[in-house]
Amino acid sequence: MSIRGLKKKQPKTFKVKIITVDAEMEFSCEMKWKGKDLFDLVCRALGLRETWFFGLQYTIKGMCTWLKMDKKVLDQEIPKEDPISFHFLAKFYPEKVEEELLQEITQHLFFLQVKKQILDEEIYCSPEATVLLASYAVQAKYGDYDPNFHEPGFLAHDELLPKRVLRQYQLTAEMWEEKITAWYAEHRGIARDEAEMNYLKIAQDLEMYGVNYFPIAQNKNHTDLLLGVDAKGIHIYSINNRFSPNKSFEWSAIRNISYSEKELTIKPLDKKAEVFKFFSSQLKVNKLILQLCIGNHDLFMRRRKVDSIEIQQMKAQAREEKARKKMENQRLAREKQLREEAERAKEELERRLFQLEDEARQANEALLRSQEAAELLAEKAQIAEEEAKLLAQNAAEAEQERQRLEITALKTKEEKRLMEQKMREAELIAVKLVKESDRRAKEAEHLKQDLHEAREAERKAKQKLLDITRLNCPHMAKYPQYVPTDTRDANFDKGSIKLDLKDIDLKRLSFEIERERLDYLEKSRKFEDRLKELKSEIHALKLEEKQSGLYS
């Protein structure tokens, strides 16, 4: 067989893109495949066995529709695009998530879808509940809270709260993170699947959880009601209130549901009860409502029957898996606890080692300081010893100096006494000299007066002699050349003798006066010299006395 023949026998395919809540996948489908073939392929790729909760949804002309399982994919009214996009979503919701969701993948897909519906505000949730749900979502994503690893700002890129809640409260992102982290820290030890299950258990109690809403009217002209289909039955709501239904029909109380064109009829099991009729906007809406009602009713009835062998096996496997995971979690928790204890012990040992090293370092430093202090003390002791020797030497010198000063003081006192005595003697001599000087001055004055009187007498005598001479020899005045020589010589000899005698007395007297004057001057000079010596000695004694006072 040729390669061309093999190629001709290969079936024609078309591409589809399957979009889950957190991933995208592409498949090649055969042209003849029905919706169930594609759905089974996707479930096998995901490893999903609880397939009855899910479906493939697509949007056509603004309306969300589910792919029919019993019809060919290409025969249905699907978007004309390549690849054809389908959303793999939960079509039906369990009544009790903890009992019905057996596989971890099923639980994870429900968790992601419900979380998205809450964030998109398709399911209303109070602000307090949204913070708690966000803490479980963080636990599922990040594991146990570790303040050393999960620093402030680690939730900045995660969408955890609806925008309505963020607008309702004027809180910063840091404040919201602090609130979420406070709850998140309390979930320590909870595994991912357990955190997701806790999330779903809280979410299933919300009024809008698992409800598909459709606008309806009780007549053909008004659309003033909402019809809701969920796992428990059919509910009628007012247009402005999706929380509390005005009327409810449980699946166990419904006998039949049918539609004709745009009219949908709900017949209760009680034949006496009123038949409820309403109108929808389109025939497709009635078909979709009927499809959801049939699927939810079938699941409702299945829950109340004995589980099939497949379900029993799945539940047994789920229990075993849970038990195994529980043991594994316990083992991991124990290992984690032991590891944490070991880390704490290690940290304690490291802290203790660091403390001991620090103490050893401090002790070494203290030893070095002690050694330095000992060396300093030894050096100071040596210096002190030298200073003591020096002080002893200084003390000895000071004692010698003190003795010398005492001796000097004694000598100074004696010398001072002698000097005072000499000064007194000098003063007495000075007084005597002054008196002698006065006496001599008086004597000199008397002698000068006597000398003056003597000279005056001599002058008078000479004058008298001349006068006598003139009287005795008047003729000699006329004839002096004839005066006899003998006569003149004789008279002259007499007068000269008298004059010589008088001159000798005067000279002698003058000589004595001069001699006494010279003696007086000599004594005065000696006295002045002696006074100067006394002054210098007194000055030297005063200086020595001052110095001796300073030494003292």
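Here is a short walk through this structure, which is a predicted model.

Let's start with helix α2, residues 35-46. This helix has 12 residues and reaches 17 Å from its first C-alpha to its last, close to the 16 Å expected at 1.5 Å a residue. Right after α2 comes Gly47, and its phi is positive, near 75 degrees.

Which residues of α2 are buried? They are Gly35, Leu38, Phe39, Leu41, Val42 and Cys43. These buried residues pack against four strands: β1 (13-19), β2 (24-30), β3 (54-60) and β5 (84-90).

Now hop over to Phe88. The largest nonpolar core has 93 residues, and Phe86 and Phe88 touch the most other members of that core. Leaving out residues up to four places away in sequence, Phe88 touches a good list of partners, including Phe39, Val42 and Cys43. Those three are also among the buried residues of α2. Others that Phe88 touches include Ile18, Ile19, Phe54, Leu56 and Leu109. As a bit of background, nonpolar side chains tend to be buried together in soluble globular proteins.

A little further along the chain sits Lys91, in the loop between β5 and α3 (97-100). Is Lys91 buried or exposed? Lys91 is buried, yet it has no salt bridge. The nearest side chain of opposite charge belongs to Asp70, and that is 9.5 Å away. So what is Lys91 in contact with, beyond its neighbours within four places in sequence? The answer is Phe53, Phe54, Gly55, Trp66, Asn212, Gln291 and Leu292. Phe54 and Gly55 turn up in the list for Phe88 too.

Asp70 brings us to a UniProt annotation. An unreviewed entry there gives a "binding site" that covers Lys68, Met69, Asp70, Lys71 and Lys287. Met69 is in the loop between β4 (63-66) and β5, and Lys71 is in the loop between β4 and β5 as well. Met69 counts as partly exposed because its relative accessibility is 28%. Lys71 counts as partly exposed because its value is 37%. Setting aside residues up to four places away in sequence, Met69 touches Lys34, Gly35, Lys36 and Phe39. With its neighbours within four places likewise left aside, Lys71 is in contact with Lys34, Gly35 and Gln76. Gly35 and Phe39 take us back to the buried residues of α2.

Last stop: the unreviewed UniProt entry also places a "coiled-coil region" at residues 311-464 and 517-544. In the model, residues 517-544 are 100% helix and 0% strand, with the end C-alpha atoms 40 Å apart.

How values were computed
Residues numbered from 1 in each chain as written. Predicted model: local features only at pLDDT ≥ 70, side-chain atom pairs only at ≥ 80, totals over all residues. Heavy atoms only, no water. UniProt positions renumbered as here; feature names shortened; annotations may be inferred. Helix = DSSP H or I, 4+ residues; strand = E, 2+ residues; numbered from the N terminus. Expected span 1.5 Å × (residues − 1). Buried < 20%, exposed > 50% of the residue type's maximum accessible area, 1.4 Å probe, protein only. Contact = heavy atoms within 4.5 Å. Lys, Arg positive; Asp, Glu negative; His and termini not counted. Salt bridge = Lys/Arg side-chain N within 4 Å of Asp/Glu carboxyl O. Core = buried A, V, L, I, M, F, W, Y, C linked by side-chain atoms within 4.5 Å.
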